[in-house]
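Me: I'm new to this one. Can you walk me through it?

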Amino acid sequence: MRMRGSRSRAALALMTAAVLGAAGCDSGGGTSSGTHSKSGTAAKAKPSPTPVWDRSPSSVAAVGDSITRGFDACTVLSDCPEVSWATGSEASVDSLAVRLLGRTGAAERSWNYAETGARMADLPGQITQAVARKPQLVTVMVGANDACRSSASAMTSVADFRTGFETSLKSLRQALPKTQVYVASVPNLKRLWSQGRTNPLGKAVWKLGICPSMLADADSLDSAATERRDTVQDRVEEYNKVLEQVCATDVRCRFDGGAVYDYRFGTDQLSHWDWFHPSTNGQARLAEIAYRHVTAREPVT
């Protein structure tokens, strides 16, 4: 009887050891290789989530106004899209498209639908053109012409400006759910007036009708002229708040945080034809700002 009991206990010990081994445990409290859930089954590794913002889009479409068309950067009162900060081919500018796609890629997969004189009301139509190309990134720079009117009273209202941008972004998103949007702030028009007013040629060109609400009577510093310029400047700042707020409602939209507005364009960065629009050098600076924001892991603040 004693020998039979010993054999039974030995068999039970062996069975217990086998069960414990199969469960991945040992008497010393160690763990088996691999991760186990509370139920004892192996947990599957979770794949890393795909970032919402793609820092290397493979195609670019630009919409906006005269700045994106390179107006007055090459010859007086003429577009020069080859020096555009967004899609230009000029080597000295090194446009956003060239930086992202390379020179050959930019020539094949970037498009410029901006128009000199365009205002926010024109943006939906430009977006419609851009959507047809199915770009992975759309750049937006618009608003200066909404402030640059015949008078301060003729400026686009903030409400209409907001509606136009909301409509444009909604239209883009409905057509292209995953396309990204980079939004540049409206430049500081009052600072551009301050820089250019010392140049006689620039002031002569201004008289041809460039941004009268800000640039008319450029040498006048009386209370009426000062109040007019301040009114225009306040409107520009309100436009930039709209751009920031509306962009913030879309996870695939990035506002530049006021970087273009804050940039201090000097004489080297201004057109030597009108001393108001960006020169080729100024376009290159805009390209740098855009590239920094588009390729950042997180929005630059």
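Reply: One term to start with. Buried means under 20% relative accessible area, exposed means over 50%, and partly exposed is in between. Keep in mind that this is a predicted model.

Me: OK, try that out. Is E244 buried or exposed, or in between?
Reply: In between. E244 has 42% relative accessibility, so it counts as partly exposed.

Me: And where does E244 sit?
Reply: In helix α9. That helix covers residues 223-247 and lies across β4 and β5. Its direction is at about 150 degrees to β5.

Me: How far is E244 from V183, C-alpha to C-alpha?
Reply: 8.3 Å. Along the chain, the two are 61 residues apart.

Me: Back up to the strands. What order do they come in within the sheet?
Reply: The order is β2-β1-β3-β4-β5. It's an open sheet of 5 strands, with parallel pairing.

Me: Which strands are at the edges?
Reply: β2, residues 110-112, and β5, residues 253-255. Each of them pairs on one side only.

Me: What about the twist?
Reply: From one strand to the next, it averages 15 degrees.

Me: How many bridges join β1 to β2?
Reply: 3 bridges. β1 spans residues 60-64 and runs parallel to β2. One partnership there is V60 with S110 in β2.

Me: Now β4. What are its links to β3?
Reply: β3, residues 137-141, pairs with β4 over 4 bridges, in the parallel sense. V140 has V183 in β4 as its bridge partner.

Me: How many bridges on the β5 side?
Reply: β4 and β5 pair over 3 bridges, also parallel. V181 is partnered with C253 in β5.

Me: Are the residues on the two faces of β4 buried or exposed?
Reply: Buried, and both faces are covered. Q180 and Y182 are on one side. V181 and V183 are on the other.

Me: Switching topic. How many salt bridges does the structure hold?
Reply: 8 salt bridges. One of them joins K190 and D230, at 2.4 Å from N to O.

Me: Why does that pair tie separate parts together?
Reply: K190 lies in helix α6, residues 189-196, and D230 lies in helix α9, so the salt bridge ties together parts that are 40 residues apart in sequence. As for exposure, K190 is partly exposed at 28% relative accessibility. D230 is also partly exposed, at 28%.

Me: Got another pair?
Reply: E288 and R285 meet in a salt bridge at 2.9 Å, N to O. Both are in helix α11, residues 280-294. They are 3 residues apart, so about one helical turn separates them. E288 is partly exposed, with a relative accessible area of 33%.

Me: What does E108 form a salt bridge with?
Reply: With R109. Their closest N and O atoms are 3.9 Å apart. E108 counts as exposed because its relative accessibility is 52%. R109 is partly exposed, at 32%.

Me: Last one. Which residues make the nonpolar surface patch?
Reply: V76, L77, L208 and W273. The patch is about 370 Å².

Me: Where is L77 placed?
Reply: In the loop between β1 and α2, the latter being residues 96-109. L77 has 43% relative accessibility, so it counts as partly exposed.

Note on methods. Residues numbered from 1 in each chain as written. Predicted model: local features only at pLDDT ≥ 70, side-chain atom pairs only at ≥ 80, totals over all residues. Heavy atoms only, no water. Pairing = 2+ DSSP bridges. Axes fitted to C-alpha atoms, helices over the stretch in contact; angles between N-to-C directions. Contact = heavy atoms within 4.5 Å. Patch = residues over 30% accessible without salt bridge, like charges linked within 9 Å, V, L, I, M, F, W, Y side chains within 5 Å. Areas by Shrake-Rupley, 256 points an atom, 1.4 Å probe, with all protein chains shown as cover. Salt bridge = Lys/Arg side-chain N within 4 Å of Asp/Glu carboxyl O. Buried < 20%, exposed > 50% of the residue type's maximum accessible area, 1.4 Å probe, protein only.
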